[in-house]
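Grab a coffee and open your favourite viewer. Here are some short exercises to work through with the sequence and the model side by side.

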Amino acid sequence: MTMTSASPPSAPRLMSVDEARDRVLAAVARPLRAEAVSPVAAVSRVVAEAVVAMTSLPPWDNAAMDGYAVRSADLSGASNERPVRLMVIGEVRAGSEPDVEVRPQCAVRIATGAPLPAGADAVVPVEETTPLDPVGQPMGTRGRDATGPLPASCLVHVAAAPGASVRRAGSDLAGGAMILDRGAVVTPSAVALIAGAGVRQVRVHRRPRVGVLATGDEIRAPGEPLGAAGIPDANRPGLLAHVAAAGAEPIDLGIAADRLDDVLARLRDGIARTDAIIVSGGVSVGPYDVVKAAFEAVGRIDLWRVAVQPGKPFAFGTADRSDAPQPILLFGLPGNPVSSIVTFELFVRPALRRLAGHPHPFRPLDRAVLTQDVSKSHRRRAFLRVVAERDDRGIVRRDGRGRVYVRLAGGQGSHVLSALAVTDALAVIPEATDELPNGAEVELWWLDDA
Ligand code: AMP
Ligand code: MG
């Protein structure tokens with residue numbers, strides 16, 4: 001379209017945050033392939049194929065206490081005053097198979113976790129018994145621990161209901177039952193469940209490998225002298241840490257100069273060994289902003305201006321690799337450190353979570369009340385960096401309606417790292433709102449969940 005020289009260039013349309021997210025997520029056709037790994041290696045990953053218990057738990061009836069396996073009918077009416085005497089005819093240790101049957105008026109000493117011998121239907125804790133020698137004299141005090149020699153008989157000072165202190169076979173898990181469904185995240189406790197159910201390998205989605213590249217002639221690696229115009233690299237370490245915190249595997253692609261050949265070489269290196277690449281800086285429209293051209297050279301690109309604050313131009317593209325079943329995602333984030341981390345949160349993290357197989361890639365939402373007046377740019381959705389009020393035990397304070405009290409974490413400029421570092425959550429201020437007073441309610445995105 002040609003414009004007449006008289007008409008001013010119209011401002012490019014800003015894309016909404018929601019549309020930008022949708023377009024990024026639309027590029028993630030499916031999660032990464034599944035692989036079989038040990039329960040420990042599966043932690044924090046997403047189950048790709050339902051996990052089924054290989055054994056019932058417990059596999060057989062067993063004792064819940066150290067004590068005596070008994071027939072509950074023998075003990076009816078047993079009490080402190082009228083204890084019942086039972087012959088001790090044997091013992092079952094944890095890990096050994098019972099070799100005696102519990103007959104009437106008899107007991108078998110049993111350890112916690114040992115299989116219940118035939119004939120028994122309850123276990124009496126050792127604390128409720130007194131061991132007796134062959135002539136019926138106490139061998140120790142009531143409740144003496146069960147480590148000594150096997151007594152000839154014992155007094156039982158309590159009655160026991162059928163099933164007392166017995167853990168029934170399958171009462172925890174039935175063999176063949178589904179213990180984790182597709183889409184479940186393997187928590188540390190789920191590792192114990194999987195392993196405890198006799199499952200040796202679990203199919204989980206592969207963890208995304210994510211390259212992180214900083215760009216800028218002024219960006220210095222740790223320890224490099226800053227000189228007159230250098231600044232330490234904040235984004236690459238920060239983004240590598242955020243990638244890891246999102247459950248992905250970070251890959252350091254270094255710092256590129258503002259030169260197409262340098263960016264391109266590192267990008268190609270990254271494409272060869274990652275599922276997604278995050279580039280910080282160089283994505284604006286300045287003369288040395290070469291990231292867009294680099295993305296175009298290796299694949300396809302979209303350069304967007306997103307109606308977000310903080311946030312500057314944001315580039316998203318994809319590149320193909322012959323052995324990759326789906327395209328490599330390319331993210332060009334603004335160089336300002338706060339913009340870089342916030343746009344990671346908004347657009348990159350959900351995509352990485354989806355690649356990793358999470359059915360719900362977004363953060364949980366909450367409601368909060370501002371404890372000060374705030375303002376932001378018109379027509380942009382602002383993500384203010386805020387701190388939640390806590391009591392002296394560190395617990396978040398909420399009002400009668402369950403809303404969190406928040407205040408600004410510090411300066412809201414897109415370069416203010418000191419505020420970003422203490423941020424608990426992002427408070428979302430809608431596009432159409434320019435300012436909000438103390439006491440106004442806002443949507444809150446916590447940043448600290450897994
Ligand atoms: P750019 O997006 O490249 O125009 O960079 C915008 C601002 O972010 C400039 O002030 C850069 O110096 C700064 N910046 C870019 N990359 C980094 C980085 N890796 N660490 C810290 N600051 C950066
Ligand atoms: Mg730059």
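The exercises below go from the whole chain to single residues, and all of them rest on a predicted model.

**Exercise 1. The overall build**

Task: Find out how many helices and strands the chain has, and why it counts as more spread out than a compact globule.

Solution:
- Step 1. Start with the secondary structure: the chain has seven helices and 28 strands.
- Step 2. Turn to the radius of gyration. The chain has a value of 33 Å, whereas the globule rule gives 22 Å for 450 residues, so the chain is more spread out than a compact globule.
- Step 3. Look at the extent of the C-alpha trace, which spans about 115 × 55 × 45 Å along its principal axes.
- Step 4. For a concrete pair of positions, take E101 and G439: they are 338 residues apart along the chain, and their C-alpha atoms are separated by 73 Å.

**Exercise 2. Surface, burial and charge**

Task: Work out what share of the residues is buried and how far apart the mean positions of the positive and negative charges are.

Solution:
- Step 1. Of the 450 residues, 47% count as buried.
- Step 2. The chain exposes about 21,200 Å², and 53% of that area comes from carbon and sulfur atoms.
- Step 3. Now the contacts: of those between residues at least 6 apart in sequence, 70% join residues at least 24 apart.
- Step 4. Finally the charges. There are 50 positive and 51 negative ones, and their mean positions are 3 Å apart.

**Exercise 3. A salt bridge inside a helix**

Task: Describe where E19 and R23 lie and how their side chains meet.

Solution:
- Step 1. Place the pair: E19 and R23 are both in helix 1 (residues 17–26), four residues apart, which is about one turn of the helix.
- Step 2. Check the side chains, which meet in a salt bridge with an N to O distance of 3.5 Å.
- Step 3. Check the cover. E19 is partly exposed at 27% relative accessible area, and R23 is partly exposed at 34%.
- Step 4. Put the pair in context: the whole structure holds 28 salt bridges.

**Exercise 4. A salt-bridge network**

Task: Trace which residues are joined into one network with R367 and E441.

Solution:
- Step 1. Begin with R367 and E441, whose side chains form a salt bridge of 2.8 Å, N to O.
- Step 2. Locate both ends. R367 is in strand 22 (residues 365–370) and E441 in strand 28 (residues 441–446), so this pair ties together parts 74 residues apart in sequence.
- Step 3. Look at exposure: R367 is partly exposed at 37%, as is E441 at 32%.
- Step 4. Move to R403 and D399, which also meet in a salt bridge, at 2.8 Å, N to O. Here R403 is buried at 13% relative accessible area, and D399 is buried at 14%.
- Step 5. Join the pieces: salt bridges with shared partners link R367, D399, R401, R403 and E441 into one network.

**Exercise 5. Two charged residues, two settings**

Task: Decide whether R236 is buried or exposed, then list what E101 touches beyond its sequence neighbours.

Solution:
- Step 1. R236 sits in helix 3 (residues 235–245). Its relative accessibility is 10%, and the cut-off for buried is under 20%, so R236 counts as buried.
- Step 2. Leaving aside neighbours within four places in sequence, R236 contacts V212, A214, A221, P222, D252, G254 and I255.
- Step 3. E101 is in the loop between strand 5 (84–92) and strand 6 (106–110), and is partly exposed at 47%.
- Step 4. Not counting residues up to four places away in sequence, E101 touches I89, A118 and G119.

**Exercise 6. Backbone details**

Task: Locate the cis peptide bond between L57 and P58 and the one between Q309 and P310, then inspect the phi angles of Q105 and S165.

Solution:
- Step 1. The L57 to P58 bond is cis, with omega about -15 degrees; P58 lies in the loop between strand 2 (51–52) and strand 3 (62–63).
- Step 2. The Q309 to P310 bond is cis, with omega about 0 degrees; P310 is in the loop between strand 19 (308–309) and strand 20 (313–319).
- Step 3. Q105 is not a glycine, yet has a positive phi of about 65 degrees. Q105 lies in the loop between strand 5 and strand 6 and is partly exposed at 43%.
- Step 4. S165, also not a glycine, has a positive phi of about 55 degrees. The loop between strand 9 (153–156) and strand 10 (166–167) holds S165, which is partly exposed at 24%.

Conventions. Residues are numbered from 1 along each chain as its sequence is written. Chains are lettered from A and ligands numbered from 1 in the order in which they are written. This is a predicted model: local features need pLDDT of at least 70, side-chain atom pairs count only at pLDDT 80 or more; totals for chains, interfaces and linings use all residues. Side-chain values use heavy atoms; hydrogens and water are left out. Helices (H or I, at least four residues) and strands (E, at least two) are DSSP runs, numbered from the N terminus. The radius of gyration is taken over C-alpha atoms; the globule rule is 2.2 Å times the number of residues to the power 0.38. Buried means under 20% relative accessible area, exposed over 50%, partly exposed in between (1.4 Å probe, protein chains only). Contact means heavy atoms within 4.5 Å. Accessible areas come from the Shrake-Rupley method with a 1.4 Å probe; for residues, only the protein chains shown count as cover. Lys and Arg count as positive and Asp and Glu as negative; His and the chain ends are not counted. The place of a charge is taken as NZ of Lys, CZ of Arg, CG of Asp or CD of Glu. A salt bridge is a side-chain nitrogen of Lys or Arg within 4 Å of a carboxyl oxygen of Asp or Glu.
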